Amino acid sequence: MVKSTLISASLKVLVYEMKNITLILGGARSGKSTFAEHIARSFKGNVIYMATADCRDAEMEKRIAIHRSRRPKEWGLWEGIPEDLPNAIADFHGLLLMDCLTMWLTRLFLSYPESEGEDENAWLVCEKKIAALTERLCGSVRDDSSLIVVSNEVGFGLVPPYLMGRRFRDMQGRMNQLVASKAENVALVVAGCPLWVKGKGVF
């Protein structure tokens, strides 16, 4: 209860300042999505949940159902192809909660056959296209909107033993850096506890 009160009191500053980006980073099961939802619940205006996952199996379907059950019914919902997300951000107003950057990047990553090819230069050309789309995403926030981006911090784990895994890990790290450079506020969530590393959210 104390923790929730602190979150709500301290983050009103973030959600009521329009045209800003807040990046919420964390590892698997760190509580990053729950924390982002706490922020969104403190906003009294229009909230749009931007769901980026692609439901391809029963396990993912269950995970999506858990996220869906936590969300207030009055929140709006966007679902679509990854390339359309920047345009969607430009179309909506209010508080936009994107969960998550990692799933969005995964879908883009897998759309390029070069992601599993041996030609590193060919893959880097594709990564530059993804970076350009990520930059456009960050630049699409309207003057009457604020964007929360949830993303995985992938740099704390083991080095993946296979090429695609290493490429994705490196790309994810670079895209996290890109979004963080555009964001006014950045938090790292560890065991459910947010550590603000950039911006006004320190408490």
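Let's start where two helices meet: α5 passes α7 in a right-handed crossing, a term for a near helix turned clockwise from the far one by less than a right angle, with anticlockwise being left-handed. The model is a prediction, in which local features need pLDDT of at least 70 and side-chain atom pairs count only at pLDDT 80 or more, while totals for chains, interfaces and linings use all residues. Residues are numbered from 1 along each chain as its sequence is written, and side-chain values rest on heavy atoms, with hydrogens and water left out.

Before going further into that crossing, here is the overall plan. The protein chain contains seven helices and seven strands, which are DSSP runs numbered from the N terminus (H or I of at least four residues for helices, E of at least two for strands). Following the sequence, you meet them in the order α-β-α-β-α-β-α-β-α-α-β-α-β-β. Of the 203 residues in the protein chain, 46% are buried, that is, under 20% relative accessible area, with exposed being over 50% and partly exposed in between (1.4 Å probe, protein chains only). The chain also brings together residues from distant parts of the sequence: among contacts (heavy atoms within 4.5 Å) with a separation of 6 or more, 79% join residues 24 or more positions apart.

Helix α7 is a good guide through the fold. It covers residues 163-182, and because a helix is expected to span 1.5 Å a residue, its 20 residues should span 28 Å, which agrees with the 29 Å between its end C-alpha atoms. The expected span is 1.5 Å times one less than the number of residues. Buried positions in α7 are G165, R167, F168, M171, Q172, M175, N176, L178, V179 and A180. What do the buried residues of α7 pack against? Their partners are the helices α5 (101-110) and α6 (120-138), together with the strands β1 (21-26), β5 (145-152), β6 (185-190) and β7 (193-198).

Two packed helices are described by the angle between their axes and the distance between the axes. Here the axes are lines fitted to C-alpha atoms, for helices over the stretch in contact, and angles run from 0 to 180 degrees between N-to-C directions. Back at our opening pair, the axes of α5 and α7 come within 11 Å and cross at roughly 130°. The two helices, α5 and α7, are therefore oblique to each other; angles under 35 degrees count as roughly parallel, over 145 as roughly antiparallel, 65 to 115 as roughly perpendicular, and the rest as oblique. On the α5 side, L101, T102, L105, T106, F109 and L110 make the contact, and on the α7 side M164, R167, F168, M171, Q172, M175, N176 and V179 do so. By class, this contact of α5 with α7 has nine nonpolar, four polar and one charged residues, where Ala, Val, Leu, Ile, Met, Phe, Trp, Tyr, Cys and Pro count as nonpolar, Asp, Glu, Lys and Arg as charged, and the others, Gly among them, as polar.

Now turn to α6. How do α6 and α7 lie relative to each other, roughly parallel or roughly antiparallel? They pack at an angle of about 30°, with their axes 10 Å apart, and are therefore roughly parallel. The crossing of α6 and α7 is right-handed. From α6 come E120, W123, E127, I130, A131, T134, E135 and C138, which meet R167, M171, R174, M175, L178, V179 and K182 of α7. The contact of α6 with α7 holds eight nonpolar, one polar and six charged residues.

Helices α5 and α6 complete the tour of helix pairs. Their axes are 11 Å apart and the angle is about 145°, and α5 passes α6 in a right-handed crossing. W104, L105, L108 and F109 of α5 meet W123, I130, L133, T134 and L137 of α6.

Some single residues are worth a look. T134 of helix α6 is counted as buried because its relative accessibility is 0%; leaving aside neighbours within four places in sequence, T134 is in contact with W104, L105, M175, L178 and V179. In strand β5 you will find S151, also buried, with a relative accessible area of 0%. The C-alpha atoms of S151 and I24 are separated by 6.2 Å, though these residues are 127 residues apart along the chain. By contrast, G155, in the loop between β5 and α7, is exposed with a relative accessible area of 53%.
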